[in-house]
Amino acid sequence: MYNTLKKLNRFENISIFFIAVLLHFMNTFIFLNINNSTLHYFFSCYFDDLLAPILLLSYVNLLLSIYNKKIYTLRYLILFILLVSIVWEYLIVYVKPDSVSDPFDMLCYVLGTIIYWIIHTKWNQNTKI
């Protein structure tokens with residue numbers, strides 16, 4: 001039974017990862033062509049920031065599953081993504097001086113983390129063994 005749960009968690013994270021990648025490509029090729037100025041602004045500035053934590057957390061949990069570990073508690077997910085977002089938004093300026101920090105990006109990272117947690121919670125409610 002434990003092995004089955006481990007496989008389900010890997011399948012869950014692989015599915016989430018590929019859906020996030022698919023949504024990124026849809027953003028690049030479809031959503032950015034929307035003529036509505038508000039939607040275009042959202043998709044060009046913040047949609048990928050919502051996807052980034054979903055992609056990152058699914059990848060991290062895939063890697064951790066190799067060692068039979070996982071991060072699924074909302075408190076730890078948000079703590080992890082806040083630490084990562086500090087690097088992405090504020091420390092990257094020292095590596096790439098022309099980058100721009102945006103506090104709304106951090107909000108999107110947290111919202112993306114909550115979306116990941118909701119997906120994980122709903123997935124596990126529907127796949128009880």
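## Ground rules

Helices (H or I, at least four residues) and strands (E, at least two) are DSSP runs, numbered from the N terminus. With that in hand, isoleucine 66 can be placed in the loop between α3 and α4.

This is a predicted model, in which local features need pLDDT of at least 70 and side-chain atom pairs count only at pLDDT 80 or more, while totals for chains, interfaces and linings use all residues. Residues are numbered from 1 along each chain as its sequence is written, and side-chain values use heavy atoms, with hydrogens and water left out.

## The overall fold

The chain has 5 helices and 0 strands, so the pattern along the sequence reads simply α-α-α-α-α. Along the principal axes, its C-alpha atoms fill a box of roughly 50 × 35 × 20 Å.

Of the 129 residues, 29% count as buried; buried means under 20% relative accessible area, exposed over 50%, and partly exposed in between (1.4 Å probe, protein chains only). Contact here means heavy atoms within 4.5 Å. Take the contacts between residues at least 6 apart in sequence, and 71% of them join residues at least 24 apart.

## Helix α3 on its own

Helix α3 covers residues 47-65. Does its length come out as expected or not? The expected span of a helix is 1.5 Å times one less than its number of residues, so the 19 residues of α3 should span 27 Å, and the 28 Å between its end C-alpha atoms agrees.

Plenty of α3 residues are listed as buried, including Phe47, Leu50, Pro53, Ile54, Leu57 and Asn61. As a reminder, an α-helix has 3.6 residues a turn, so residues three or four places apart point the same way.

## α3 against α5

Helix α5 (residues 103-126) packs on α3 at an angle of about 50°, with the axes 7 Å apart. Axes are lines fitted to C-alpha atoms, for helices over the stretch in contact, and angles run from 0 to 180 degrees between N-to-C directions. The two helices are therefore oblique to each other: angles under 35 degrees count as roughly parallel, over 145 as roughly antiparallel, 65 to 115 as roughly perpendicular and the rest as oblique. The crossing of α3 and α5 is right-handed, a label for a near helix turned clockwise from the far one by less than a right angle, with anticlockwise being left-handed.

On the α3 side, the residues involved include Asp49, Pro53, Leu57 and Asn61, and among their α5 partners are Cys108, Tyr109, Thr113 and Tyr116. The residues of this contact divide into 10 nonpolar, 4 polar and 2 charged. Here Ala, Val, Leu, Ile, Met, Phe, Trp, Tyr, Cys and Pro count as nonpolar, Asp, Glu, Lys and Arg as charged, and the others, Gly among them, as polar.

## α3 against α4

Helix α4 (residues 74-91) packs with α3 at about 120°, with the axes 11 Å apart. The contact is made by Ala52, Pro53, Leu56, Leu57 and Val60 of α3 and Leu77, Phe80, Ile81, Val84 and Trp88 of α4. By class that gives 10 nonpolar, no polar and no charged residues. This crossing is right-handed too.

## Thr113, and the loop

Which residues does threonine 113 of α5 touch, beyond its neighbours within four places in sequence? They are Pro53, Leu57, Leu77, Ile78 and Ile81. Threonine 113 is buried, at 0% relative accessible area.

Back in the loop, isoleucine 66 is exposed, at 54%. Its C-alpha atom is 9.3 Å from that of arginine 10, 56 residues away along the chain. Asparagine 68 sits in that loop as well and is partly exposed, at 43%. Its phi is near 60°, a positive value in a residue other than glycine.
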